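Here are my notes on the model you sent over. Have it open while you read, and check the points against the coordinates as you go.

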Amino acid sequence: MKINPDEIFDSTSFNIDRDPHIQLNEEICRRCPQRACTNCCPARCYNWDEEAQKMTFVHDGCLECGTCYVVCGQDAFTRWRYPRGGFGVAYRMT
Ligand code: SF4
């Protein structure tokens with residue numbers, strides 16, 4: 001079965017926690033040779049700015065899939081946890 005992330009977004013809502021559940025060491029991201037997160041995150045939370053040599057991460061639309069945690073080969077996270085209770089994504093798949 002092929003999953004279309006856009007369809008998932010149609011069935012989700014978010015209660016955004018202003019305290020990000022994922023945080024990065026930007027210096028590690030700057031030196032990373034792959035930056036797999038920019039291609040693998042289904043919510044497109046990661047964006048690499050080549051000109052500024054800077055990684056931007058926005059946690060608001062995070063689907064909590066864990067992909068970035070798995071694909072990051074640099075241990076770039078200073079925090080990776082699920083959002084606090086009551087915050088984060090809510091799936092409505094029925
Ligand atoms: Fe993107 Fe999934 Fe990581 Fe959230 S947990 S930032 S959706 S890859």
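1. A word on terms before anything else: buried means under 20% relative accessible area, exposed over 50%, and partly exposed in between, with a 1.4 Å probe and protein chains only. On that scale, 33% of the 94 residues in the chain are buried. This is a predicted model, in which local features need pLDDT of at least 70 and side-chain atom pairs count only at pLDDT 80 or more, while totals for chains, interfaces and linings use all residues. Residues are numbered from 1 along each chain as its sequence is written, and side-chain values use heavy atoms, with hydrogens and water left out.

2. Overall layout. The chain has four helices and six strands (DSSP runs, H or I of at least four residues for helices and E of at least two for strands, numbered from the N terminus). Along the sequence they run α-β-β-α-α-β-β-α-β-β. The C-alpha atoms fit a box of roughly 45 × 30 × 25 Å along the principal axes.

3. Long-range contacts. Taking contact as heavy atoms within 4.5 Å, 69% of the contacts between residues at least 6 apart in sequence join residues at least 24 apart.

4. The core. The largest nonpolar core (buried Ala, Val, Leu, Ile, Met, Phe, Trp, Tyr and Cys residues joined through side-chain atoms within 4.5 Å) has 20 residues. Among those with the most contacts inside it are Ile-22, Tyr-46, Met-55 and Phe-77. Strands E2 (22-24), E3 (46-49), E4 (54-57) and E5 (77-80), along with helix H2 (26-31), each supply at least two of the core residues. Leaving out residues up to four places away in sequence, Met-55 touches several others, including Leu-24, Cys-29, Cys-37, Tyr-46 and Trp-48.

5. Two loop residues. Is His-21 buried or exposed? His-21 sits in the loop between strand E1 (12-15) and E2, and it counts as buried because its relative accessibility is 5%. Beyond four places in sequence, its contacts include His-59, Cys-62, Glu-64 and Trp-80. Val-58, in the loop between E4 and helix H4 (67-71), is partly exposed at 42%. Val-58 and Ile-22 are 36 residues apart in sequence, yet 9.1 Å apart in space, C-alpha to C-alpha.

6. The ligand. Which residues come nearest to the ligand? Of the 14 around it (a heavy atom within 4 Å), they are Cys-41, Cys-62, Leu-63, Cys-65 and Cys-68. Cys-68 is also among the residues with the most contacts inside the core.
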